[in-house]
Amino acid sequence: MKKKELLYEGKGKKMYKTDDEFLLITEFKDDLTAFNAEKRGNEAGKGALNCKISTELFHLLEKGGIATHLVETLSENEQLVKKCKIVPIEVIVRNVATGSLTKRLGIKDGTKLPFALVEFCLKDDALGDPFINDEHCLLLNLVKNQEQIEEIKTIARKINSILLDFFDTKNLRLIDFKIELGLDKDNKLILADEISPDSCRFWDKETNEKLDKDRFRQDLGNVKMAYEEVLKRILN
Ligand code: C5P
């Protein structure tokens, strides 16, 4: 597969065209950003760790019946993926209250939620990815109709259920995560982007130690070690 020109550069990844119009190459970067890129850093090897973690999790989800954009891994930080039209919504699923949820609603940090909460943010850096509801999604034509919103929520909950069970066996609590979905060439919703410690929160089951990007956000140190620990447990 020939890597052609750069199509897009995001905060954590670069996307390249290939000689196949339906396939792209994703390159995972070592850059770290937080608070809408107001805080920036770089951790050598982080891109490769996220690429490996995301590949493992996408394979797990595929086995569980979730369609994803992943075709194959090309190198330690590159994946070949299906081209899709990204739905400009960040879909967040939460099992435990922390982060922006505690700030917005005053729920005590660490409270286990009675059900998996699905939230949407508008994928728009200039606006700071604001939280939006179903009606905003329809108003802004981010989705086709209410049925598609329900489909997005169903996929998000199914992903949560597969990942919760999986990480439980790895002594990790899946606190929350963000996913992005896209429409493939047949207009089918598929999981795109990545699932990694950049986009999830993982706490150790025994100690509640944070093993994700909050270590960077909160200057807790040992960012790379935390990502390595997540990968080690996934592969165990
Ligand atoms: O900041 P907040 O608590 O809303 O984040 C919820 C989850 O979504 C966290 O796992 C966070 O890493 C992820 N997230 C993300 N990209 C964003 C916003 C949140 O991956 N732009």
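The shell around the ligand in this predicted model comprises 8 charged, 4 polar and 4 nonpolar residues. Among the 16 residues that surround the ligand, those that come nearest are Glu90, Arg94, Ser100, Asp176 and Arg217. Polar contacts to oxygen atoms of the ligand involve both side-chain and backbone atoms of the protein. Asp176 places a polar side-chain atom 2.6 Å from a ligand oxygen atom, and for Arg201 the corresponding distance, again from a polar side-chain atom to an oxygen atom of the ligand, is 2.9 Å. Ser199 contributes through its backbone, with an N or O atom lying 3.4 Å from an oxygen atom of the ligand. The accessible area of the ligand on its own amounts to 460 Å², of which the protein covers 81%. Two or more shell residues are supplied by each of strand 9 (89-96), helix 2 (99-105), strand 12 (172-183) and strand 14 (200-204).

A further element of the fold is an open sheet. This sheet is built from 5 strands in the order 1-2-3-7-6, with antiparallel pairing. Strand 1 (3-9) and strand 6 (70-75) form its edges, each pairing on one side only. From one strand to the next, the twist averages 30 degrees. Within the sheet, 5 bridges connect strand 3 (residues 23-28) to strand 7 (residues 78-82) in the antiparallel sense. Leu23 has Lys82 of strand 7 as its bridge partner.

Helix 1, spanning residues 46-63, packs on this sheet and touches strand 3, strand 6 and strand 7. The helix 1 direction makes an angle of about 150 degrees with that of strand 6. Strand 6 is thus described both as an edge strand of the sheet and as one of the strands touched by helix 1, while strand 3 and strand 7, which pair with each other, are also touched by this helix.

How values were computed
Residues numbered from 1 in each chain as written. Predicted model: local features only at pLDDT ≥ 70, side-chain atom pairs only at ≥ 80, totals over all residues. Heavy atoms only, no water. Pairing = 2+ DSSP bridges. Helix = DSSP H or I, 4+ residues; strand = E, 2+ residues; numbered from the N terminus. Axes fitted to C-alpha atoms, helices over the stretch in contact; angles between N-to-C directions. Contact = heavy atoms within 4.5 Å. Near = heavy atom within 4 Å. Polar contact = N/O pair within 3.5 Å; in protein donor to acceptor, adjacent residues only side chain to side chain. Areas by Shrake-Rupley, 256 points an atom, 1.4 Å probe, with all protein chains shown as cover. Nonpolar A, V, L, I, M, F, W, Y, C, P; charged D, E, K, R; others polar.
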